[in-house]
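Q: Please take a close look at a single part of this structure and describe how that part is built and what surrounds it. Then set that part in the context of the whole chain.

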Amino acid sequence: MKKTVLVTGGAGFLGSHLCEKLLDRGCHVICMDNFFTGSWDNIRPLMERPDFEVLRHDVTEPYNFYVDEIFNLACPASPPHYQRDPIATYKTNILGAINALDLADKWHAKVFQASTSEVYGDALVHPQVESYWGNVNPGGIRSCYDEGKRGAETLFFDYHRQHGTRIKVVRIFNTYGPKMNPNDGRVVSNFIIQALKGEDITVYGDGKQTRSFCYVDDLIRGFLLLMDTGEDVSGPVNLGNPVEFTMLDLAQKVIALTGSKSKLVHRPLPGDDPKQRRPDIGLAQKLLGWKPEIMPDEGLKRTIEYFKGVA
């Protein structure tokens with residue numbers, strides 16, 4: 001029998017890729033989005049497929065229909081977007097989690113939470129492993145997202161303990177690829193757009209802070225592997241690419257791959273910006289047999305080709 005799968009935030013960068021993969025699996029997919037940051041362009045190619053439907057709805061408001069599985073991805077993910085309305089961001093995380101969990105309880109559905117490496121904050125442990133509790137500023141400008149995701153994880157595990165809810169929790173590290181919003185303020189899209197336009201590339205701080213970037217296809221494959229695991233695997237599980245490099249390294253890679261003449265300019269580092277970020281993916285390798293297959297140079301080439309068509 002065909003599964004009915006709800007993807008909240010389904011018109012976003014990750015959500016639209018996930019919807020496509022679920023349709024390819026033969027699922028009936030309900031894409032829920034309020035289009036605060038989601039885009040009709042991301043899902044327009046899917047709208048002709050008979051098993052795809054779109055529901056314009058805010059996850060902070062309850063909803064009720066039959067589902068077999070829920071992927072809870074709804075939340076702005078880039079600092080400019082989640083800081084635009086921090087109260088709404090926090091509500092999206094907390095109320096969105098409660099509404100997804102309540103629906104899962106009603107239909108005994110599996111429910112997946114897209115958490116984030118931001119739960120580790122400005123990490124004092126490197127690389128970050130799932131057992132690390134994090135170093136987050138609860139009153140900082142990133143807290144609506146960081147603490148919102150931490151609170152959502154709390155709800156997922158409390159529902160699991162109290163109600164036996166069938167949960168899956170993944171912690172997403174920086175991800176990039178086609179369908180990224182060119183104006184969302186994330187570093188990969190910023191650098192590529194600036195390089196393609198020949199503009200100065202904006203590097204915050206000294207550029208020596210590090211990140212690890214996972215190509216979107218690898219990440220979505222990890223989502224599906226985790227959702228397919230048995231009842232004994234709930235997470236949290238890190239998903240990301242452990243190849244780590246500085247923002248200066250990334251800028252130089254983008255300049256080289258685009259053939260741009262862009263120069264680097266430095267701007268002040270935003271508040272609470274983590275100094276380093278790299279996942280320990282040992283648990284994902286052990287439980288899911290998962291590791292990234294698309295390395296940064298190849299992934300950046302594919303992403304640059306996409307942005308050439310939209311920049």
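A: **Packing of one helix**

The buried residues of helix α4 pack against β1 (4-8), β4 (69-72), α3 (79-82), β5, α5 and β6 (167-172). Here buried means under 20% relative accessible area, exposed over 50%, and partly exposed in between, with a 1.4 Å probe and protein chains only. Helices (H or I, at least four residues) and strands (E, at least two) are DSSP runs, numbered from the N terminus.

The model is a predicted one, in which local features need pLDDT of at least 70 and side-chain atom pairs count only at pLDDT 80 or more, while totals for chains, interfaces and linings use all residues. Residues are numbered from 1 along each chain as its sequence is written, and side-chain values use heavy atoms, with hydrogens and water left out.

Helix α4 covers residues 86-107, and its 22 residues should span 32 Å at 1.5 Å a residue; the end C-alpha atoms are 32 Å apart, which agrees. This expected span is 1.5 Å times one less than the number of residues. The buried positions in α4 are T89, T92, N93, I94, G96, A97, N99, A100, L101, L103 and A104. An α-helix has 3.6 residues a turn, so residues three or four places apart point the same way. Just after α4, H108 takes a positive phi of about 55°.

Two of the partners named for α4, β5 and α5, flank a loop that holds P127, running between β5 (110-116) and α5 (143-163). In that loop, H126 and P127 are joined by a cis peptide bond with omega of about -5°. A further cis peptide bond runs from G235 to P236, with omega near 5°; P236 lies in the loop between α7 (216-227) and β11 (237-239).

Positive phi values also occur in loops. F35, which is not a glycine, has a phi of about 65° and sits in the loop between β2 (28-33) and α2 (40-43). Its relative accessibility is 12%, so F35 counts as buried. For K179, phi is near 80°; this residue belongs to the loop between β7 (175-176) and α6 (187-197). At 16% relative accessibility, K179 also counts as buried.

A buried strand residue offers a further view of the packing. I201 belongs to strand β8 (residues 201-204) and has a relative accessible area of 0%. Leaving aside residues up to four places away in sequence, I201 touches F191, Q194, A195, A251, I255, S262, K263, L264 and V265, where contact means heavy atoms within 4.5 Å. Although 63 residues separate I201 from L264 in sequence, their C-alpha atoms are 4.8 Å apart.

These details belong to a protein with 10 helices and 13 strands. Its radius of gyration is 19 Å, close to the 19 Å that the globule rule gives for 311 residues, so the protein is as compact as a globular protein of that length. That radius is taken over C-alpha atoms, and the rule is 2.2 Å times the number of residues to the power 0.38. The C-alpha trace spans about 55 × 45 × 40 Å along its principal axes. Buried residues account for 55% of the 311 residues. Of the contacts between residues at least 6 apart in sequence, 81% join residues at least 24 apart.
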